[in-house]
Amino acid sequence: MDVNASSWLVIALGILGANLPFFNEKLLAFVPLKKAAQAEPGWRKPLGLRLLEMVVLYFIVGALAFALESRIGNGFPQTWEFYAITGCLFLVLAFPGFVMKYLRKRR
């Protein structure tokens, strides 16, 4: 895989990973939360759990990006500024999912 394709793959995975917690009620899109859902029929994941999922998915996407970078050539060492910027970018990429889940009016 060339550099251009791997870059677009990481961007697509970032968009998917950032919005995934807002578009389903399962934990990391695979683990159903049966006990809470059975206790209350209209139960939804709380915002804190969605944000925790986003943090986990941020590190998963970052690990995949580092693996792709290492496969192309040498992996570059990153400082705290890199993680601050990519964390903020991940939050910005999650904005469409947040809007669809919490800000859109339901009719």
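Helices (H or I, at least four residues) and strands (E, at least two) are taken as DSSP runs and numbered from the N terminus. The exercises below concern a predicted model.

**Exercise 1. Determine the order of the elements along the chain, and establish whether the protein is compact or spread out.**

Solution. Step 1: counting the elements gives 5 helices and 0 strands. Step 2: read from the N terminus, the order is α-α-α-α-α. Step 3: for 107 residues the globule rule gives 13 Å, whereas the radius of gyration of the protein is 16 Å, well over that value, so the protein is more spread out than a compact globule. Step 4: the extents of the C-alpha trace along the principal axes are about 50 × 25 × 25 Å.

**Exercise 2. Describe the burial, the contacts and the surface of the whole protein.**

Solution. Step 1: of the 107 residues, 19% are buried. Step 2: among contacts with a separation of 6 or more, 76% join residues 24 or more positions apart. Step 3: the accessible surface amounts to about 7900 Å², and carbon and sulfur atoms contribute 72% of it. Step 4: there are 12 positive and 6 negative side chains, with 15 Å between the centres of the two sets.

**Exercise 3. Check the length of helix α3 against its expected span, then state which of its residues are buried and what covers them.**

Solution. Step 1: helix α3 covers residues 47-72, which is 26 residues. Step 2: at 1.5 Å a residue, the expected span is 38 Å. Step 3: the end C-alpha atoms of α3 are 37 Å apart, in agreement with that expectation. Step 4: the buried residues of α3 are Arg50, Glu53, Met54, Leu57, Tyr58, Val61 and Leu68. Step 5: their cover includes α1 (3-19), α4 (80-93) and α5 (95-103).

**Exercise 4. Locate Glu25, classify its accessibility and list its contacts beyond four places in sequence.**

Solution. Step 1: Glu25 lies in the loop between α1 and α2 (34-39). Step 2: the relative accessibility of Glu25 is 27%; because this falls between the 20% and 50% cut-offs, Glu25 is partly exposed. Step 3: apart from neighbours within four places in sequence, Glu25 contacts Leu33, Arg44, Lys45, Arg50 and Lys101. Step 4: for one of these partners, Arg50, the sequence separation from Glu25 is 25 residues and the C-alpha to C-alpha distance is 9.2 Å.

**Exercise 5. Which helix holds Asn19, is this residue buried or exposed, and what does Asn19 contact beyond four places in sequence?**

Solution. Step 1: Asn19 belongs to helix α1. Step 2: with a relative accessible area of 9%, under the 20% cut-off, Asn19 is buried. Step 3: neighbours within four places in sequence aside, the contacts of Asn19 are Leu93, Ala94, Pro96 and Gly97. Step 4: Asp2 is 17 residues from Asn19 along the chain, and their C-alpha atoms are 26 Å apart.

**Exercise 6. Classify the accessibility of Ala12 and of Val92, and give one C-alpha distance for each.**

Solution. Step 1: Ala12 is part of helix α1, and its relative accessible area of 42% makes Ala12 partly exposed. Step 2: between Ala12 and Val61 there are 49 positions of sequence separation and a C-alpha to C-alpha distance of 9.9 Å. Step 3: Val92 is part of helix α4, and a relative accessible area of 57% places Val92 in the exposed class. Step 4: Val92 and Phe82 are 10 residues apart in sequence, with 15 Å between their C-alpha atoms.

Note on methods: Residues are numbered from 1 along each chain as its sequence is written. This is a predicted model: local features need pLDDT of at least 70, side-chain atom pairs count only at pLDDT 80 or more; totals for chains, interfaces and linings use all residues. Side-chain values use heavy atoms; hydrogens and water are left out. The radius of gyration is taken over C-alpha atoms; the globule rule is 2.2 Å times the number of residues to the power 0.38. Buried means under 20% relative accessible area, exposed over 50%, partly exposed in between (1.4 Å probe, protein chains only). Contact means heavy atoms within 4.5 Å. Accessible areas come from the Shrake-Rupley method with a 1.4 Å probe; for residues, only the protein chains shown count as cover. Lys and Arg count as positive and Asp and Glu as negative; His and the chain ends are not counted. The place of a charge is taken as NZ of Lys, CZ of Arg, CG of Asp or CD of Glu. The expected span of a helix is 1.5 Å times one less than its number of residues.
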